[in-house]
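Me: I would like a close look at one part of this protein. Please take a single side chain as the starting point and work outwards from there.

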Amino acid sequence: MNQGTRGELISRLAEAIRSVTTAHPLRVAIDGPPAAGKTTLADELAVVLRAQDRDVIRATIDDFLFPRAQRYRRGQYSAEGCYFDAHDHAALCRVLLDPLGPGGDRRFQHAVYDRDTDTPSSPPAMTAPADAVLLFDGVFLLRPELIDRWDLRIFVSVPFEQTVDRARERGTAPAGSTADTAEIERSWRNRYIPSQQLYFATARPTDHADIIVYNDQLQRPTWEVRPHSSRHRI
């Protein structure tokens, strides 16, 4: 376990990324519960990597949601719906993770869904350099359907109660929808936290993480680098 400044954490993560060798773009998962700080961490890491002349692709699970009618078909507060119905993993693999992986042609799309209009999205395909880094943040990234498609797996850990506090402070629910305090509280208690508990019980994400970032103290984080995290992958 290591503890340091925010800058020291980001530098250590950048070092971990440099240590992994692949023959294709490096696919980095930044997983964790809602409001854990995944997006902020990924954005900070992108700045450092780009300053080191690394080509960075930023993408998020929120751009691979199913339309609202499908992801809430079990009910607005269903934890099972959040875990099983919310995200289009097949499309994520088809347009992003597999093209950037072994044997892929490196032509990718970073989204299939537009949150503002609740409609499918089809941005122009781009071609990634072979040494690019994909920084992909989101929930449930280390589940069985996706686990083998990551070259480096980072899990951002925060106590569930603290994620509720952060959600109330920022006043927004996941995927960008504005919500009042009571609605945020209900969503977290009935949907988001139970879905994370289901995830932990079935997929055991921290068992599969190469690096765990304990992000409850934003400016003095603690992190754990697993012994196998620097292994070279093809």
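Is Tyr199 buried or exposed, and what is its relative accessible area?

Reply: Tyr199 is buried, and its relative accessible area is 0%. Buried means under 20% relative accessible area, so Tyr199 meets that limit with its value of 0%. Keep in mind that this is a predicted model.

Next, the ring of Tyr199 and its partner. The structure holds ten aromatic pairs. One of them joins Phe140 and Tyr199 in an edge-to-face arrangement, with 5.1 Å from centre to centre and 75° between the planes. The two partners come from distant parts of the chain, being 59 residues apart: Tyr199 belongs to helix 7, while Phe140 is in the loop between strand 8 and strand 9.

A second pair also reaches helix 7. Phe155 and Phe200 are edge-to-face, with 5.7 Å between their centres and 85° between their planes. This pair, too, links distant parts of the chain, since Phe155 lies in strand 9 and Phe200 in helix 7, 45 residues apart. The two rings are not equally covered: Phe155 counts as buried at 1% relative accessibility, whereas Phe200 counts as partly exposed at 29%.

These four residues belong to one aromatic cluster, made up of Tyr83, Phe84, Phe140, Phe155, Phe160, Tyr199 and Phe200. One member of the cluster also has a charge over its ring: the charged end of Arg143 sits over Tyr83, 4.0 Å from the ring centre.

Phe140, the partner of Tyr199, has a backbone detail to look at. Most residues other than glycine have a negative phi. Phe140 is not a glycine, yet its phi is positive, at about 60°. The loop that holds Phe140 runs between strand 8 and strand 9 (152-157), and Phe140 is buried there, with a relative accessible area of 1%.

Asp53 can be set beside Phe140. Asp53 is not a glycine either, and its phi is positive, at about 65°. The loop in which Asp53 is placed connects helix 2 (38-51) and strand 3. Asp53, however, is exposed, with a relative accessible area of 71%. A positive phi therefore turns up here both at a buried residue, Phe140, and at an exposed one, Asp53.

Helix 7, which carries Tyr199, also takes part in covering another helix. The buried residues of helix 6 are Thr163, Val164, Arg166 and Ala167. They are on the same side of helix 6, because they cover an arc of only 165° around its axis. The general rule behind this is that an α-helix has 3.6 residues a turn, so residues three or four places apart point the same way. Helix 7 is among the parts that cover these buried residues of helix 6. After helix 6 comes Gly171, with a positive phi near 70°.

Now the wider setting. The largest nonpolar core has 42 residues, and those with the most contacts inside it are Leu96, Leu134, Phe136 and Trp150. Helix 6 (160-170) and helix 7 (181-203) each supply at least two residues of this core, as do strand 3 (56-60), helix 4 (79-84), helix 5 (89-97) and strand 8 (133-138). A second core, separate from this one, has 26 residues, including Ile10, Leu13, Val20 and Ile154.

Two residues of that second core, Ile10 and Leu13, are met again around Leu45. Leu45 is a residue of helix 2 and is buried, with a relative accessible area of 0%. Leaving aside neighbours within four places in sequence, Leu45 is in contact with Ile10, Leu13, Ala14, Ile17 and Leu135. The C-alpha atoms of Leu45 and Ser11 are 8.1 Å apart, although 34 residues separate the two along the chain.

A buried residue need not be nonpolar, and Arg226 shows this: at 16% relative accessibility it counts as buried. Arg226 is in the segment after strand 11 (222-225). A polar atom of the Arg226 side chain lies 3.0 Å from the backbone oxygen of Thr206.

To return to the starting point: Tyr199 is buried, pairs with Phe140 and is part of a cluster that also includes Phe155 and Phe200.

Definitions and conventions. Residues are numbered from 1 along each chain as its sequence is written. This is a predicted model: local features need pLDDT of at least 70, side-chain atom pairs count only at pLDDT 80 or more; totals for chains, interfaces and linings use all residues. Side-chain values use heavy atoms; hydrogens and water are left out. A nonpolar core is a set of buried Ala, Val, Leu, Ile, Met, Phe, Trp, Tyr and Cys residues joined through side-chain atoms within 4.5 Å. Buried means under 20% relative accessible area, exposed over 50%, partly exposed in between (1.4 Å probe, protein chains only). Helices (H or I, at least four residues) and strands (E, at least two) are DSSP runs, numbered from the N terminus. The arc is that of the directions from the helix axis to the C-beta atoms. Contact means heavy atoms within 4.5 Å. Rings of Phe, Tyr and Trp (its six-membered ring) pair if their centres lie within 6.5 Å; planes under 30 degrees apart count as stacked, over 60 as edge-to-face and the rest as tilted. A charge sits over a ring if NZ of Lys or CZ of Arg is within 6 Å of the ring centre and within 35 degrees of the ring normal. A polar contact is a pair of N or O atoms within 3.5 Å; within protein, one must be able to donate a hydrogen and the other to accept it, and residues adjacent in sequence count only if both atoms are side-chain atoms.
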